[in-house]
Amino acid sequence: MAELNLETVSQEYYDILRELGNIGAGNATTALAQMLQCKVDMSVPQVKLLEFGDVATLMGGEEQIMAGIYLGVEGDITGSIMFLLEKKSARHLVGKLMGMEAEGDDFSEMEISALQEVGNIITGSYLNSLSMMTNLKICPTIPSLAIDMAGAILSVPAIEFGILGDHILLIQTQFFDEVQLDGYFILIPDLESYGKILSSLGISVD
Amino acid sequence: MGEIIKVGMADLKVCVSPDAVTTLGLGSCVGIAIRDPVTKIGGLAHIMLPDSTQIRNNSNIPKFADTGIAELVRQMVAKGAKQSRMVAKIAGGAQMFSFQNKSEMVRVGERNVEATKKKLAQLKIPILAQDTGDSYGRTVIFYPETGDFIIKAVGKVQKTI
């Protein structure tokens with residue numbers, strides 16, 4: 001299989017990723033609406049290939065506090081996926097889910113576990129749609145949650161992408177219920193998995 | 001007061017007192033602060049991966065512990081610092097997520113710290129202090145004037161090492 005270089009991906013490939021992002025985020029939005037039992041809208045996702053530093057800037061700076069949910073992917077393709085949510089949005093979501101506005105600045109154990117569940121459902125439905133579209137078996141592993149500075153959380157996918165190059169592939173989605181929630185997906189397939197995703201969609205990687 | 005120069009991810013900067021260098025939100029990456037106490041020339045590198053020789057696409061020198069530290073020292077020497085007087089302080093290398101499988105990738109923070117120590121030992125630069133490991137992000141500021149290395153983390157008291 002030809003070696004895939006993220007720096008020289010074709011426009012066609014971007015379009016596919018955007019479409020995958022769109023459908024994935026659409027499914028995630030539906031799941032979110034069901035969970036919250038209210039109407040949730042989303043904007044058209046933006047797919048961006050960004051330099052490491054610019055990713056944190058987009059999220060409001062390296063020191064912006066974010067909730068990051070990170071999980072591994074196994075099956076026909078391997079890799080990992082991360083879903084990031086601004087702390088304020090995370091707080092709002094959890095409050096909504098538990099039926100009360102949280103107090104204080106820190107998340108309680110119960111809230112963390114609720115947040116983990118939110119992440120689980122969102123990433124799960126995202127991967128589900130990817131699996132349906134590509135006909136590939138994709139199984140998520142148990143998610144792990146971190147609430148910390150954007151830079152620190154992003155160092156994890158950045159390092160994984162760092163093995164390939166100097167950029168991160170980011171899918172940005174905005175959800176709206178009463179307030180706007182900014183969510184970011186970072187899909188990190190291992191190098192061989194990129195080829196598998198593309199060829200399963202009938203695109204040659206050469 | 002001097003200026004505070006920002007170092008990005010996979011980046012390095014050299015400065016002279018009273019200026020300082022900072023890098024924000026270190027996660028599994030490692031921040032390496034080096035100083036020549038006589039000339040008060042200092043520098044900070046923010047490395048992401050342990051070893052450039054393990055990776056084909058390795059042209060980005062500040063990204064790796066081995067090449068990044070060597071380059072930082074080279075740039076400091078070019079500014080007039082002396083390698084034999086240099087001392088280092090390091091921070092970062094956290095494991096941000098507790099993950100059971102994929103052991104290699106999870107341990108990358110730890111491996112970054114190991115590679116950093118190895119490279120500094122090879123260059124005969126002693127490590128005076130470190131704040132590494134654990135599971136939280138760190139913002140660091142380094143003052144070449146005093147050698148103070150300030151570490152900030154979310155929900156934690158700021159410390160100086």
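Helices and strands here are DSSP runs, of at least four residues for a helix and at least two for a strand, numbered from the N terminus. With that convention in place, chain A of this predicted model reads, from its N terminus on, α-β-β-α-β-β-α-α-β-β-α-β-β-α. That gives chain A six helices and eight strands.

Let me stay with chain A for a moment. Of its 206 residues, 43% are buried. If we take the contacts in chain A between residues at least 6 apart in sequence, 71% of them join residues at least 24 apart.

One element of chain A deserves separate mention, namely helix α4, residues 109-134. This helix has 26 residues and spans 37 Å from its first C-alpha to its last, close to the 38 Å expected at 1.5 Å a residue. Which residues of α4(A) are buried? They are A:A114, A:L115, A:V118, A:G119, A:I122, A:T123, A:S125, A:Y126, A:L127, A:S129 and A:L130. Just after α4(A) comes A:N135, with a positive phi of about 65 degrees.

I turn now to chain B and its open sheet. Five strands form this sheet, in the order β2-β5-β4-β6-β7, and the pairing is mixed. At the edges stand β2 (11-16) and β7 (127-132) of chain B; each has a single partner strand, so one side of each is left without a neighbour in the sheet. On average, neighbouring strands of the sheet are turned by 10 degrees against each other, direction ignored.

Consider the β7 edge of chain B in detail. Strand β6(B), residues 87-92, runs parallel to β7(B) and is joined to it by five bridges. Within this pair, B:A88 stands opposite B:I127 of β7(B).

Two helices of chain B lie across strands of the sheet. Helix α1(B), residues 65-79, lies across β2, β4 (30-36) and β5 (41-47) of chain B, at about 160 degrees to β5(B). Helix α3(B), residues 108-122, lies across β4, β5, β6 and β7 of chain B, at about 20 degrees to β4(B).

Finally, the contact between the chains. It takes 28 residues from chain A and 29 residues from chain B. On the side of chain A that touches chain B, α2 (52-58), β3 (65-75), β6 (144-149) and α5 (150-162) of chain A each supply at least two residues. Which element gives the most to that side? It is α5(A), with 10 residues. By character, the residues on the side of chain A that touches chain B divide into 14 nonpolar, eight polar and six charged.

Key:
Residues numbered from 1 in each chain as written. Chains lettered and ligands numbered in written order. Predicted model: local features only at pLDDT ≥ 70, side-chain atom pairs only at ≥ 80, totals over all residues. Contact = placed C-beta atoms within 7 Å. Nonpolar A, V, L, I, M, F, W, Y, C, P; charged D, E, K, R; others polar. Buried ≥ 20, exposed ≤ 12 C-beta atoms within 10 Å, placed from the backbone. Pairing = 2+ DSSP bridges. Axes fitted to C-alpha atoms, helices over the stretch in contact; angles between N-to-C directions. Expected span 1.5 Å × (residues − 1).
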